[in-house]
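Q: Please take a close look at one part of this structure, the lining of its largest cavity, and then place that part in the chain around it. Which residues line the largest cavity?

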Amino acid sequence: MDGLIVRLAELSLDPNHKSYQQCEFELLFFLFFRSWDKLWINPQLRSLQLRKSPVGAMPGATRSMDQDDFGSPAEWGDQQPEDGVLGEEDAQVQQECLRKFSTPDYIMEPSVFNTLMRYFQAGGSPEEVIRLLSDNYTAVAQTINLLAQWLIQTGVEPVQVQETVENHLKNLVMQHFDPRKADSIFTNEGATPAWLEQMIAHPTWRDLVYRLMEVHPDCLMLKFTVKLISDAGYQGEITGVVAACQQLEVFSRVLGSSLATILDGGEAHLAENLPQFSKMVCHGEHTYLLAQVLMAVLAQEGQRGGAVRRVAQEVQRFAQESGHDASRIPLALGRAASYPRLCQALGAMLSKGALNPADITVLYNLFVTSKDPPPVELIRVPAFLDLFMQSLFKPGARINPDHKHKYIHLLAYAASVVEIWKKNKRLSVNQDELTATAKAIETVHSLCCAENTGASELLAELGTLYRCIRFPVVAVGVLTWVDWTVSKPTFFEQHTHPTLVPLALLDEVSTYHPLLHPHVLQLLIKLLETKYPELDAMKQLEVKKTLLDRMVHLLSRGHVLPVVAYIRRCLEKLDTDLSLIRYFVTEVLDMIIPPYTSDFVRLFLPILENDSIASTLKRAGEHDPVMEFIAHCQSNFMLLD
């Protein structure tokens, strides 16, 4: 049925079968001109009086139209030249209007009344207008409406019919949209068309405007329409980069709406909302600067200043990963402008993406040895801290031994010092944990990054590593070290010990640092999806079961839904050995008990109901965890197909 609508919507009716339509439109225009003095504004045409149609004329009857139906030339006032000769300008206007009247379905165009006005003012013949408009009337829109009614009468849902027609029409508009013709709408009408205001009231057509704006960013009509949409209160829908960034007023509204959405969504929805927001902000230098200035002001006010600062830092990271050096803008917006030496040293390292002893020495003297150090927040820049992780915890990284303690103490200072500020005045500086943090960083760095340290030495110092991991900055460093170590192609081939120290350290990070759970899961997913061609099939299964054990432990520490959602995706994509999924399900069933949340049931129950999984897990006897879980869900939750 959809194909029938689409096909007939694109075809014109056969011109050999238009007698009924022609007569219908002759009558329509006859009645139209009959009441011309009520419809037209131009005083020159108010005196027009058309004669009545013959008594008994039926819409379907075919008849010729002569001058008697429209009155004599004298009845048109000054619209006909007295000498019977048209001026050159009037002739050109008539020819232009006649060309428009000759186009298919011109009677359906919004500009038809303006064209009629010009044509009659230039002395055009009403009979010719009616003939051209009726001959070229193909009734595409009316045919679509008729077919839609037929489909509804045959039992098709009206919503489905409407969506079919609208989607096809949107595709046609996307293919044939001409920005020059669209811009001419405002030139011809001189005001906002009424149909445009009606159009933006519907989500379907607003979405079409957004899509067109991405393809035709310079179209004035689309820019104006986006502003109308924003003025109408729909700025939350404007997520496209081009549509949002073309006008300052629109961008400001979209920026505020998007930022509020991110803050209200919290950490759980940050990964979903942040990428599009960052892409919009990083569209250009002006949008990036405006957004960073706004977030810098908001970060200094209210209780959500920390969350706003986090968003600003994530946007800066996105800009850096996109190849833009925007590191100096946050420094200029904060208190760093009062410390020119700090700005120079920190900005140089951020721009180059690497630490160097000279600039580290400058910062060390400012923060560690100075009696009045700058605000610690100035070095709590995520990109700067990432450089420390690569220098101190990346295997094989080289640091000048004479300056290593400066690296360690500066990182410890950024991670542990607590300051209390009030009205831009520092009230106190707490450095109680500075020494212990620096000692833990130095210990883990010496154990993990020493060239002569092997698996046996690390296993002997496992207790020491566990104690040091309690410090959050050390946990991040260990996670960095594990990533670089385990990601080596030959790691699992060379290490056959049943207890791998790097994976054991991952469990310890998961236990004590919930904020690092997403990073741990991301690393485990990367390792699980990595191919190990140098290992045989059995060894590969053992390695992946070991990684699944780490996921189960991560689930037990509270990171439940993301872990189960990943396993669910693996089952749906059919790109994972089913024995691994069955192994995961068995381990989870052995450790969970009711009550369960509805979100957990929604993700986990379909895995158990899959025949490839459940058929081999069901046990004969009284205790069957699969059937017990399914029965519990059926009795306590409303399950929908």
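A: In this predicted model, the largest cavity is lined by Leu528, Leu548, Ile567, Cys570, Thr576, Leu580, Ile581 and Phe584. By kind, the lining holds 7 nonpolar residues and 1 polar residue, with no charged residue. The space inside the largest cavity is about 40 Å³, and the count of cavities of 30 Å³ or more is 1.

Two helices, α31 (560–573) and α32 (578–589), each contribute at least two residues to this lining. The biggest share comes from α32, which supplies 3 residues.

Leucine 548, one of the lining residues, belongs to a further helix, α30, which covers residues 537–556. Leucine 548 counts as buried because its relative accessibility is 3%, and the cut-off for buried is under 20%. Setting aside residues up to four places away in sequence, leucine 548 touches Leu528, Ile567, Leu580, Tyr583 and Phe584. Among these contacts, Leu528, Ile567, Leu580 and Phe584 also appear in the cavity lining. Phenylalanine 584 lies 36 residues from leucine 548 in sequence, yet their C-alpha atoms are 6.5 Å apart in space.

The loop between α31 and α32 holds leucine 574. Its phi is near 60 degrees, a positive value in a residue that is not glycine. Leucine 574 counts as exposed because its relative accessibility is 70%, and exposed means over 50%. Leucine 548, by contrast, is buried at 3%.

On the other side of α32, the loop between α32 and α33 (598–609) contains proline 595. The peptide bond that joins proline 594 to proline 595 is cis, its omega being near 0 degrees.

Elsewhere in the chain, aspartate 105 also has a positive phi, about 60 degrees, although it is not a glycine. Aspartate 105 sits in the loop between α4 (88–101) and α5 (112–121). With a relative accessibility of 11%, aspartate 105 counts as buried, whereas leucine 574 is exposed.

Glutamine 316 offers another buried position, with a relative accessible area of 10%. Its place is in helix α17, which spans residues 305–321. Apart from neighbours within four places in sequence, glutamine 316 is in contact with Tyr288, Gln292, Ala326, Ser327, Pro330 and Val381. One of these, alanine 326, is 10 residues away along the chain, and the C-alpha atoms of the two are separated by 6.9 Å.

As for cysteines, Cys570 is in the cavity lining, while cysteine 219 is buried at 2% relative accessibility and cysteine 343 is buried at 17%. The structure holds 0 disulfides.

Finally, the whole chain. The protein chain has 35 helices and 2 strands. Of its 641 residues, 41% count as buried. Among contacts with a separation of 6 or more, 64% are between residues 24 or more positions apart. The accessible surface comes to about 34,800 Å², and carbon and sulfur atoms account for 54% of that surface.

Definitions and conventions. Residues numbered from 1 in each chain as written. Predicted model: local features only at pLDDT ≥ 70, side-chain atom pairs only at ≥ 80, totals over all residues. Heavy atoms only, no water. 1 Å grid on protein atoms, 1.4 Å probe; cavity = no way out; pocket = protein on both sides within 12 Å on 5 of 7 lines; lining within 4 Å. Points joined across faces, edges and corners; volume = space filled by probe spheres on them. Helix = DSSP H or I, 4+ residues; strand = E, 2+ residues; numbered from the N terminus. Nonpolar A, V, L, I, M, F, W, Y, C, P; charged D, E, K, R; others polar. Buried < 20%, exposed > 50% of the residue type's maximum accessible area, 1.4 Å probe, protein only. Contact = heavy atoms within 4.5 Å. Areas by Shrake-Rupley, 256 points an atom, 1.4 Å probe, with all protein chains shown as cover. Disulfide = S-S within 2.5 Å.
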